[in-house]
Amino acid sequence: MNRGGRAWRGFFPVGEELTSGRPDMKEGLYFGTELPACHPLVEAGIPLHGPNLFPDNMPELKESVLQYIEAMNKLGHSLMGAVAASLGLPQTYFQEKYMRPEPLSLFRIFNYPKDLLASIDGEERWGVGEHTDYGVLTILRQDSCGGLQVKNRSNAWIEAPPVHGSFVINIGDMLEKMTSGLYRSTPHRVKNTASKDRLSFPFFFDPNFSAVIQPVALPPMLAGSIHRGDEGYTRWDGSSVEDFKGTYGEYIIRKVFKVFPDLAKEANIDETISAMAAAVAELNARNAIACK
Ligand SMILES: O=C(O)CCC(=O)C(=O)O
Ligand SMILES: [Fe+2]
């Protein structure tokens, strides 16, 4: 990942990402919205923005990934239209307020190798340990291996088995924040116990980097049905989404520095975040959203 440039794209090996604070037993390819070098956010060195790193010897991979991202963006907008309707809001509410000029879309292809150590020094190993996703929605395609588990409202782990021709949709932290906990970000984890490698394809459909995330005004009937602390619910990382204030860019960059500690070694996180926030604000003031 430290060779993936500011956009943090490319391959990372087993054990290099620490989603829940411990090395994940998975490897993967990182992709995202394809932005050319002349795009103002790329020129300004804003993390997570830039061109993908596609292998030259496999042109069909680039074509498929870019088509997939486009299709998933459309699906993401439709799903968020349904979420808006469920809250009594206009269907384009989230698109207008949080996804302009475009959502932050990240797409990964993960491989969870079979037969990896179940524990190291007595500590249980997970393909990816308990965590919640950061943004609004995750649209996940998994192969037939199984191994994905989600925590339900009673704090019990249940399987989310593969269902042919379907996606698993995870609610992310920002949707929890926007809905004051009515939609709660789903804790989940993965362990590959199948006799073959497990492939999964998570697509993260997230607010624009400079969107300031705020709770929506819920209709009284829905607001009255939020029960945040009634089941002894504490978040997996001990943090509070409710307390977070700021742009989605700040939120996700802090997360990225946590899960890739190697990146954090090279940077002063607070300085990086304030420089980034200033650069984004300056670009927004000039409405610089495309190549000149
Ligand atoms: O591989 C999976 O099924 C889930 C991956 C995941 O939870 C994540 O990347 O956030
Ligand atoms: Fe996840």
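**Exercise 1.** Locate proline 101 relative to α3 and β3, and state the geometry of the peptide bond that precedes it.

*Solution.* Proline 101 lies in the loop that runs between α3 (93-98) and β3; helices (H or I, at least four residues) and strands (E, at least two) are DSSP runs, numbered from the N terminus. The bond from arginine 100 to proline 101 is cis, and its omega is near -5°. The model is predicted: local features need pLDDT of at least 70 and side-chain atom pairs pLDDT 80 or more, while totals for chains, interfaces and linings use all residues. Residues are numbered from 1 along each chain as written, chains are lettered from A and ligands numbered from 1 in written order, and side-chain values use heavy atoms without hydrogens or water.

**Exercise 2.** Determine the sign of phi at tryptophan 8 and place this residue in the fold.

*Solution.* The phi of tryptophan 8 is positive, at about 55°, although this residue is not a glycine. Tryptophan 8 belongs to the segment before β1 (10-12). For context, most residues other than glycine have a negative phi, and most peptide bonds are trans.

**Exercise 3.** Identify the donors of the iron ion (ligand 2) and derive their spacing in sequence.

*Solution.* Donors are N, O and S atoms within 2.8 Å of the metal (3.2 Å for Na, K and Ca); water is absent, so sites may look incomplete. First, the iron ion is coordinated at 2.1 Å by His131 (NE2), Asp133 (OD) and His188 (NE2). Second, these donor residues follow the pattern H-x1-D-x54-H. Third, aspartate 133 sits in the loop between β6 (128-131) and β7 (137-142) and histidine 188 in strand β11, so the pair ties together parts 55 residues apart in sequence.

**Exercise 4.** Describe the shell around ligand 1 and the polar contacts made to this ligand.

*Solution.* Step one concerns membership (a heavy atom within 4 Å): the shell comprises Phe110, Tyr112, His131, Asp133, Leu140, His188, Val190, Arg198, Ser200, Pro202 and Phe204. By class it has 6 nonpolar, 3 polar and 2 charged residues. Step two assigns elements: β3 (104-112), β11 (188-190) and β12 (198-206) each supply at least two shell residues, and β12 gives the most, with 4. Step three lists polar contacts (N or O pairs within 3.5 Å). Polar side-chain atoms of histidine 131 and histidine 188 lie 3.1 Å and 3.0 Å, respectively, from an oxygen atom of ligand 1. For arginine 198, a side-chain N or O atom is 2.9 Å from an oxygen atom of the ligand.

How values were computed. A polar contact is a pair of N or O atoms within 3.5 Å; within protein, one must be able to donate a hydrogen and the other to accept it, and residues adjacent in sequence count only if both atoms are side-chain atoms. Ala, Val, Leu, Ile, Met, Phe, Trp, Tyr, Cys and Pro count as nonpolar, Asp, Glu, Lys and Arg as charged, and the others, Gly among them, as polar.
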